[in-house]
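Work through the exercises below with the sequence and the model in view. Each task is followed by a solution in steps.

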Amino acid sequence: MNKFFKNMPEVKYEGPKSTNPFAYKFYDADRIIDGKTMKEHLKFAMSWWHTLTATGTDQFGDSTIDRTYDEEDPMKVAKARVDAGFEFMKKMGIKYFCFHDVDISPEGNTFEETRNNLKEMVTYIKEKMTGTDIKLLWGTANCFGNPRYMHGAGTSCRADSFAYAAAQIKNAIDATIELGGTGYVFWGGREGYETLLNTRMDFELDNMARLMKMAVKYARSKGFKGDFYIEPKPKEPTKHQYDYDASTVLAFLRKYDLLGDFKLNIEANHATLAGHTFNHDLAVARINGVLGSVDANQGDHQLGWDTDQFPTDVKEATLAMLEIIKAGGFTNGGLNFDAKVRRPSFTYEDIIYGYISGMDTFALGLIKAYEIIEDGRIDEFVESRYSSYNEGIGKKIIEDNTSLEELEEYTLNNNDEGKLESGRQEYLENILNQILYR
Ligand code: XUL
Ligand code: CO
């Protein structure tokens with residue numbers, strides 16, 4: 001039970017003054033904040049792919065990280081990864097995990113072989129989960145890595161690729177249900193186009209919706225009560241992805257009448273790639289009632305791609321947690337670290353340091369978000385900023401009780417327009433910094 005992370009102790013909370021690199025400085029799992037423990041608020045999840053399978057390859061270089069866990073046969077490697085993953089989660093006090101089908105189980109030479117491998121691995125993981133309080137947050141199918149998806153999966157011009165994706169998704173849903181998952185994710189890395197010269201966008205979007213509808217129909221028929229999520233991302237690997245950002249995905253879900261079953265899984269680095277802040281996309285999801293789950297990570301201001309780094313930016317995490325709290329917190333979703341250690345950070349310790357930084361950053365974000373709410377000055381200012389709608393003509397406007405004609409009449413007779421008030425951005429930024437760094 002202590003095979004892979006053997007020289008590393010269990011990671012526990014020791015407080016902000018601790019210099020133990022294997023301790024949480026801010027994440028105190030059982031500390032109660034506003035009636036809930038930190039672990040209930042944050043619902044941290046381990047991403048199977050970055051933590052247990054990714055080997056540090058990039059376009060210019062080979063693996064730098066050995067993730068075979070002393071095994072060679074693909075099924076034995078897959079099982080060793082399960083052992084390592086559970087050892088890791090227990091050591092870290094992480095209660096959830098997320099996976100793609102191909103992360104937990106090797107692809108075989110035929111679809112039948114692939115399906116059997118997955119079933120065997122699901123049984124193995126289920127046994128491992130027994131007697132623990134570790135749960136599956138969400139599952140998904142990797143419908144982007146294999147060459148058959150070069151033109152897309154649900155949006156492929158090739159019907160056989162669509163069919164294969166459907167078959168893969170059916171089995172990934174079965175795996176998710178079998179392991180008690182509360183979510184199923186669609187991330188469409190190849191659902192988009194390289195050039196409009198060869199693309200029927202309307203046809204492809206209709207098909208993408210068809211695939212999702214089939215998935216919902218199947219999963220519900222098998223008793224799945226959780227949420228489906230779309231994870232927006234504007235580009236990478238495909239030049240333009242249809243799930244560009246939260247607003248684009250919302251328009252898609254509305255058009256195809258999928259809103260009853262789908263919410264959004266917002267990823268920090270995807271929002272920034274779309275030219276938004278992380279909290280912008282969270283806010284779009286929140287105000288539309290579809291903030292489901294979060295992939296926590298961060299990008300790099302100098303790089304234009306998805307670097308999937310562990311989050312260290314406390315201000316960003318605080319603003320994100322404010323949105324999550326305002327949305328009422330997580331129900332079926334949680335905070336999945338879709339984050340990886342850098343290529344030269346190839347040791348087991350590095351994975352632990354990565355997760356400690358991400359978990360401490362979000363723990364601080366949670367603490368600071370509640371301090372901002374308790375402080376009240378920012379909310380109070382925002383409330384007062386719109387106070388002209390509390391009475392008179394403003395009240396009539398928000399009660400939908402007026403017209404252009406009446407407002408023209410009002411303006412004609414309104415010799416004193418009232419004074420304009422400052423937006424007070426700098427005042428608010430000072431409050432934010434005061435609370436973050438006091
Ligand atoms: C890729 C990404 C995926 C999804 C799941 O950028 O974020 O790992 O989270 O397919
Ligand atoms: Co992600």
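**Exercise 1.** Decide whether Asp-174 is buried, partly exposed or exposed, and find its salt-bridge partner in this predicted model.

Solution.
- Step 1. The relative accessible area of Asp-174 is 24%. Buried means under 20% and exposed means over 50%, so Asp-174 is partly exposed.
- Step 2. The partner is Lys-170, and the closest N and O atoms of the two residues are 3.7 Å apart. A salt bridge requires these atoms to lie within 4 Å, and the pair is counted as one.
- Step 3. Both residues belong to helix α6 (residues 159-178), where they are four residues apart, about one turn of the helix.
- Step 4. Lys-170 has a relative accessible area of 36%, so this residue is partly exposed as well.

**Exercise 2.** Describe the salt bridge between Glu-371 and Arg-438.

Solution.
- Step 1. The N to O distance between the two side chains is 2.8 Å.
- Step 2. Glu-371 sits in helix α12 and Arg-438 in the segment after α16; with their positions 67 residues apart, the pair links distant parts of the chain.
- Step 3. Glu-371 has a relative accessible area of 21%, so it is partly exposed. For Arg-438 the value is 59%, so Arg-438 is exposed.

**Exercise 3.** State how many salt bridges the model has, and give further examples.

Solution.
- Step 1. Side chains of opposite charge can pair when their charged atoms come close.
- Step 2. The count is 18 salt bridges.
- Step 3. One of them joins the side chains of Asp-30 and Lys-39, at 2.5 Å from N to O. Lys-39 is partly exposed, with a relative accessible area of 30%.
- Step 4. Salt bridges also link Lys-233, Glu-236 and Asp-306 in a network.

**Exercise 4.** Find which residues of helix α16 are buried and which elements they pack against.

Solution.
- Step 1. Helix α16 covers residues 425-437, 13 residues in total; from first to last C-alpha it reaches 18 Å, close to the 18 Å expected at 1.5 Å a residue.
- Step 2. The buried residues are Leu-428, Ile-431, Leu-432, Ile-435 and Leu-436. They lie on the same side of α16 because their arc around the axis is only 130°.
- Step 3. Glu-426, Asn-430 and Tyr-437 are exposed on the other side of α16.
- Step 4. The buried residues of α16 pack against α11 (314-326), α12 (348-375) and α13 (377-385).
- Step 5. A contact with α16 can be traced from Lys-368, which is placed in helix α12. Lys-368 is buried at a relative accessible area of 9%. Beyond its neighbours within four places in sequence, Lys-368 is in contact with Thr-318, Ile-435 and Leu-436.

**Exercise 5.** Check the span of helix α7 and list what its buried residues pack against.

Solution.
- Step 1. Helix α7 (residues 201-221) has 21 residues, which should span 30 Å at 1.5 Å a residue; the end C-alpha atoms are 30 Å apart, so the two values agree.
- Step 2. Its buried residues include Leu-205, Met-208, Leu-211, Met-212, Val-216 and Tyr-218.
- Step 3. The buried residues of α7 pack against α6, β8 (183-186), β9 (192-193), β10 (227-230), α8 (246-255) and β12 (262-267).
- Step 4. Just after α7, Gly-223 has a positive phi of about 90°.

**Exercise 6.** Are His-50 and His-270 buried or exposed, and which residues does each contact?

Solution.
- Step 1. His-50 is part of helix α2 (residues 48-53). Its relative accessibility is 9%, so His-50 counts as buried.
- Step 2. Apart from neighbours within four places in sequence, His-50 contacts Arg-67, Asp-308, Asp-338, Ala-339 and Lys-340. The C-alpha atoms of His-50 and Phe-337 are separated by 8.7 Å, although the two residues are 287 residues apart along the chain.
- Step 3. His-270 belongs to helix α9 (residues 268-273). At 3% relative accessibility, His-270 counts as buried.
- Step 4. With neighbours within four places in sequence left aside, His-270 contacts Trp-187, Glu-231, Pro-232, Lys-233, Pro-234 and Asp-306. Lys-233 and Asp-306 also take part in the salt-bridge network with Glu-236.

Definitions and conventions: Residues are numbered from 1 along each chain as its sequence is written. Chains are lettered from A and ligands numbered from 1 in the order in which they are written. This is a predicted model: local features need pLDDT of at least 70, side-chain atom pairs count only at pLDDT 80 or more; totals for chains, interfaces and linings use all residues. Side-chain values use heavy atoms; hydrogens and water are left out. Helices (H or I, at least four residues) and strands (E, at least two) are DSSP runs, numbered from the N terminus. The expected span of a helix is 1.5 Å times one less than its number of residues. Buried means under 20% relative accessible area, exposed over 50%, partly exposed in between (1.4 Å probe, protein chains only). The arc is that of the directions from the helix axis to the C-beta atoms. Contact means heavy atoms within 4.5 Å.
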